[in-house]
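I keep this notebook to record what I looked up, entry by entry, and how I read each result.

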Amino acid sequence: MRVVNPIYEAIKTSELRRLSYADYMQLALYDERCGYYMRKKTKIGKEGDFFTNSHVSDVFGKLFASFFLRLVERQNVPPHICELGGGDGRFARAVLNEWKEKSPNTYRQLTYTMIETSPAHRVKQLETLGDVAEKVKQYKDIKEFQQHVSSFSGIVFSNEFFDAFPVHVITKENGTVYELFVTVDDHKLVEEKYPLENEHIIQYLHERQLSLADGQRLEVPLALKTFLLETAPFFRHCVMFTIDYGYTDEELQLPARRQGSLRGYYRHHLITNPLMYPGEMDLTAHIQWDALRMYGKQAGWQYVSMLRQDRFLLAAGILLYLEEHNDSNPFSEKNRQNRAIRSLIMDGGMSTDFHVMIQQKGVRIHWDDIWVQPEFLSFA
C-alpha cells in the first residue's frame, strides 16, 4: 500500500489547495509520520546533517555549567535548569558532570528539565546522559511541562531552538506585499504568491515597524511571538540564555538579507530551496533578534545583553579551560580540548555566526560578579 506524504495530502485536502510556509514547516519538521525531527535517523554530528556547539567539545557545556553555577551561588538563582530543545543530550551531560564535580552540594539540589519534541532524541538523550540521567526530566513540549508544574524559576537555556520554529514568508513586488504559499504542480512542491491578507502578519509588521524593499523576502516568526507571550506567566524568576544565528532590524536592511534566510541542511550541505527533500532535511530561519527582545519585553523579560558567541565565551572564562601539558599525543583529551577552545574563539570560526542573548525576569543580577574576564565585553 502506497503511503501518501502528509504534506501532499494536506495540500490536496485544504480548501485553497495550498499551505502557508508555517504549516508546511510544521509538517516537514514535526509531523509524527514524516517530520524530520520525528524520524529515528541521526541528525546531529558527522553522520547527520549539521553540527552544534556541543559537538565541538564538552568544554562548551563545562563553561556554561561554571557560568550557571556562579548565578546560583552568587546571585541566588534557583538551581533549576530548563533546556529548550535538548538535541541528543550532549550539552546536558557536560553541564551535569561539570556541576557534579565542582559543587556536589548544589548538585544535590539541582533539577534539569529537557523540552524535546522528537521521541528519537528523547531516547538518545537518556543514552547520552548515562549515570546523570537520574537528574533529568523530559517533556515533549512546554504545555506538557506546565501540566506537571505550575511555574518555573531558574535558568532557561536554548541552543539553536528558535531557528527551527515555523515561519510565514512574505515578499514585496512592484509595491505590493504578498504571502508565499506551498502548493503542488506536476507532482512537485512549488511556491505561489497571493496578496497579503493574514491579519496576524499585518499586525506583526505594524508593531515591529518593518517595511520591505521591492524584491525582498522576509520570514515572519509568529510562532516565536506566540511562544514568548503564552509562556509569560509560567516563567517567573529566571535568567534566559538564547544561542542562535540571526540578524537585527538594522541588518535586515542590508542587500545580503534581501532573499530571506529560510534554508535547509541536508548531509552537511546548505540547500537554498526549502521545498526540496520535504521531511528529510532540517529547515531553519535566522532569528530576528529585535523580535525576541521586543516580545520578550512584552512577556516580562528584561534585556541584559547580546554578545557574539566568541566574545561571550571569552568573557565567561573559557580560557581558564586551556591546559598546559607536555603530552605529545595530538589525540589526548587535553590536546583535543585545547584545540576545541581555539576553534570556538578563533576569528572566522563557527562562533562568529552565533550570538548569545541574555534576558532576565523577576530577578536582580549583579552581572559584574558573574563575568570572569569582563575586558572581552568591550569587543561585543
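The entries below go from the whole chain to strands, a helix, backbone angles and charged side chains.

**Entry 1: the whole chain**

I began by noting that this is a predicted model, and I then looked up the overall make-up, finding that the protein chain has 13 helices and 17 strands. I asked next whether the radius of gyration agrees or disagrees with that of a compact globule. For 380 residues such a globule would have a value near 21 Å, and the protein chain has 21 Å, so the two agree. The C-alpha atoms fill a box of roughly 65 × 50 × 45 Å along the principal axes. I also wrote down that 55% of the 380 residues are buried, and that the accessible surface is about 18500 Å², with 48% of that area belonging to carbon and sulfur atoms. Among contacts with a separation of 6 or more, 75% are made by residues 24 or more positions apart.

**Entry 2: strand β5 and its partners**

I turned to strand β5, residues 152–159, and found it mostly covered, since eight of its eight residues are buried. Which strands pair with β5? Strand β2, residues 80–84, pairs with β5 in the parallel sense over four bridges, and within that pairing I found Cys82 opposite Val156 of β5. Strand β10, residues 235–244, also runs parallel to β5 and is joined to it by seven bridges; here I noted Asn159 with Ile243 of β10 as its bridge partner.

**Entry 3: strand β9**

For strand β9, residues 217–220, I looked at each face in turn, and both are covered: Arg217 and Glu219 are buried on one side, while Leu218 and Val220 are buried on the other. Strand β6, residues 168–173, runs antiparallel to β9 and is joined to it by four bridges, with His168 standing opposite Val220.

**Entry 4: helix α12**

I then checked helix α12, residues 309–316, where eight of the eight residues are buried, so the helix is largely enclosed by the rest of the structure. The buried residues include the charged Asp310 and Arg311 as well as Phe312 and Leu313. Just after α12, I found that Gly317 takes a positive phi of about 110°.

**Entry 5: positive phi outside glycine**

I reminded myself that most residues other than glycine have a negative phi. Arg17 nevertheless has a positive phi, near 60°, and I located this residue in the loop between α1 (6–13) and β1 (19–20). Arg17 is partly exposed, with a relative accessible area of 46%. His187, which is not a glycine either, has a positive phi of about 65° and lies in the loop between β7 (176–185) and β8 (188–195). Its relative accessible area is 69%, so I entered His187 as exposed.

**Entry 6: salt bridges**

How many salt bridges are there? The count comes to ten. I followed three of them, starting with the side chains of Glu9 and Arg33, which meet at 3.6 Å, N to O. Glu9 lies in helix α1 and Arg33 in the loop between α2 (21–30) and α3 (59–75), so this pair ties together parts that are 24 residues apart in sequence. Glu9 and Arg33 also belong to a network of salt bridges together with Asp31.

Arg217 came up again here, as it forms a salt bridge with Glu191, the closest N and O atoms being 2.9 Å apart. Because Arg217 lies in strand β9 and Glu191 in strand β8, the pair ties together parts 26 residues apart in sequence. Lys225 and Glu207 meet in a salt bridge of 2.6 Å, N to O; Lys225 lies in helix α9 and Glu207 in helix α8, so parts 18 residues apart in sequence are tied together. I noted Lys225 as buried, at 13% relative accessible area, and Glu207 as partly exposed, at 23%.

**Entry 7: Arg122**

My last entry concerns Arg122 in helix α6, residues 119–129. Arg122 is buried yet has no salt bridge, and the nearest side chain of opposite charge, that of Glu144, is 6.1 Å away. A salt bridge would need the nitrogen within 4 Å of a carboxyl oxygen. Leaving aside neighbours within four places in sequence, I found Arg122 in contact with Glu116, Thr117, Gln138 and Lys140.

Note on methods: Residues are numbered from 1 along each chain as its sequence is written. This is a predicted model: local features need pLDDT of at least 70, side-chain atom pairs count only at pLDDT 80 or more; totals for chains, interfaces and linings use all residues. Side-chain values use heavy atoms; hydrogens and water are left out. Helices (H or I, at least four residues) and strands (E, at least two) are DSSP runs, numbered from the N terminus. Buried means under 20% relative accessible area, exposed over 50%, partly exposed in between (1.4 Å probe, protein chains only). Lys and Arg count as positive and Asp and Glu as negative; His and the chain ends are not counted. Contact means heavy atoms within 4.5 Å. Two strands pair if DSSP finds at least two bridges between them. The radius of gyration is taken over C-alpha atoms; the globule rule is 2.2 Å times the number of residues to the power 0.38. Accessible areas come from the Shrake-Rupley method with a 1.4 Å probe; for residues, only the protein chains shown count as cover.
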